[in-house]
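Visitor: I would like to learn how to read a helical model with some care. Could you take me through it feature by feature?

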Amino acid sequence: MGFITSPIGKQHALDLLLVTSIVAVLTMVHVLVPSSLQDQLALRPADPQWYTLLTAAYTHASFDHLQANLIGYLLAVCYVYWLCLYLERRQWFWQTTLGLLVITPLVVNSANVLLYGTYLPEINGVTRGFSGVVAAFVGFLLISFTAAIREAHTAQLAQAIGVGLILLLLLLIDTVYAKTLRPIVAGLVVFGICVQAASVLYHRDWDTLVQTRSREQLLFQIVGGGLIVLVLAILTLQMFPAELVVNNSFVNIFAHGIGFIIGTGVSAVVLSYNG
């Protein structure tokens, strides 16, 4: 990834205003909308109303629930926007963002109806929250990161790093729930990363890479890439916490996983469509 040298103009300021308007909307819904109406907007898998497939994502059970989702959203979307600025793909950012804000709640809550309303009807409760959409933006962040690597280097290196990151995140999730680093899982992850890296290491001329980039550029790429990997790890731990019951509420990691898949799929499809 290279430097972004263009100044922040009115267009970028408007983008950031629109991005943060989601925070304002979610906060106003939680603070200003009566709790009785919020309950009607939440999804009841045992007796779903069609509109709640969308509206349930924009209501929250508590302020702590709202705050956690807003922090995750801002962390993911700001890095995604930064990468899209580098790629000069503002249109891709907005097409994907609008798609995720609509498609993700519909798919995630439809899956909730199928899971809880059909297969677990004995669980009586409501589903609400923006976390599925946050997970989708984490998937968008992964795709935009690999796209930036492809832009700066090669598609082969981008694929190797993308697959390697997914394997490492899966290892992190396994470690959280197994409460230990299982050697067989870690070994499989290392093997998978080595397979991806082997061809890249064999064909890549690393001396040319170093010579064609200044020390500042390489440092920027390493630090920037490291920050994004750290953000992905933090958001993964937020999506898949060790404790699945918080304040008598179940953390729906099933929805988070679906949201992540939607985010990677939609962003990749829109990117390929835009060329």
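Guide: What follows is a conversation about the elements, helix contacts, backbone and cysteines of this chain, and the model is a predicted one.

Visitor: Let us begin with the overall layout: how many helices and strands are in the chain, and in what order do the elements run from the N terminus on?

Guide: The chain has 11 helices and two strands, and, read from the N terminus, the order is α-α-α-α-α-α-α-α-α-α-β-β-α. Two totals complete this outline: of the 275 residues in the chain, 43% are buried, and among contacts with a separation of 6 or more, 81% are between residues 24 or more positions apart.

Visitor: How should I read a pair of packed helices, and at what angle do α1 and α4 pack?

Guide: One looks at the angle and the spacing of the axes, then at the residues in contact. Helix α1, residues 10-32, and helix α4, residues 63-87, have axes 11 Å apart and pack at an angle of about 165 degrees. Because angles over 145 degrees count as roughly antiparallel, α1 is described as roughly antiparallel to α4, and the crossing of the two is right-handed. On the α1 side the contact includes Leu-16, Val-19, Val-23 and Leu-26, while on the α4 side Leu-70, Tyr-73, Leu-74 and Val-77 are among the participants. By class, the residues of this contact divide into 13 nonpolar, four polar and one charged.

Visitor: And what is the relation of α6 to α11?

Guide: Here the axes of α6 (residues 131-152) and α11 (residues 253-274) come within 6 Å and cross at roughly 40 degrees, and therefore these two helices are oblique to each other. The crossing of α6 and α11 is right-handed. In α6 the residues that meet α11 include Gly-132, Ala-135, Ala-136 and Gly-139, and their counterparts in α11 include Gly-259, Gly-263 and Ala-268. The residues of this contact divide into 11 nonpolar, eight polar and one charged.

Visitor: Turning to the backbone, which sign does phi have in Glu-88, and where is Glu-88 placed?

Guide: Here one notes the sign of phi together with the residue type. Phi of Glu-88 is positive, near 55 degrees, in a residue other than glycine; Glu-88 lies in the loop between α4 and α5 (90-119), and at 72% relative accessibility Glu-88 counts as exposed. Lys-179, which is not a glycine, has a positive phi of about 60 degrees. Its place is the loop between α7 (155-178) and α8 (183-203), and with a relative accessible area of 64% Lys-179 is exposed.

Visitor: Is Gln-221 buried or exposed, and in which helix is Gln-221 found?

Guide: Gln-221 belongs to helix α10, residues 215-239, and Gln-221 is buried because its relative accessible area is 14%, where the cut-off for buried is under 20%. The C-alpha atom of Gln-221 is separated by 9.4 Å from that of Ala-152, although the two residues are 69 residues apart along the chain.

Visitor: Finally, how many disulfides does the structure hold?

Guide: In general, a disulfide is a covalent bond between the sulfur atoms of two cysteines. This structure holds zero disulfides. As for individual cysteines, Cys-84 counts as buried at 2% relative accessibility, whereas Cys-194 counts as partly exposed at 47%.

Definitions and conventions. Residues are numbered from 1 along each chain as its sequence is written. This is a predicted model: local features need pLDDT of at least 70, side-chain atom pairs count only at pLDDT 80 or more; totals for chains, interfaces and linings use all residues. Side-chain values use heavy atoms; hydrogens and water are left out. Axes are lines fitted to C-alpha atoms, for helices over the stretch in contact, and angles run from 0 to 180 degrees between N-to-C directions. Helices (H or I, at least four residues) and strands (E, at least two) are DSSP runs, numbered from the N terminus. Angles under 35 degrees count as roughly parallel, over 145 as roughly antiparallel, 65 to 115 as roughly perpendicular and the rest as oblique. A crossing is left-handed if the near helix is turned anticlockwise from the far one by less than a right angle, and right-handed if clockwise. Contact means heavy atoms within 4.5 Å. Ala, Val, Leu, Ile, Met, Phe, Trp, Tyr, Cys and Pro count as nonpolar, Asp, Glu, Lys and Arg as charged, and the others, Gly among them, as polar. A disulfide is a pair of cysteine sulfur atoms within 2.5 Å. Buried means under 20% relative accessible area, exposed over 50%, partly exposed in between (1.4 Å probe, protein chains only).
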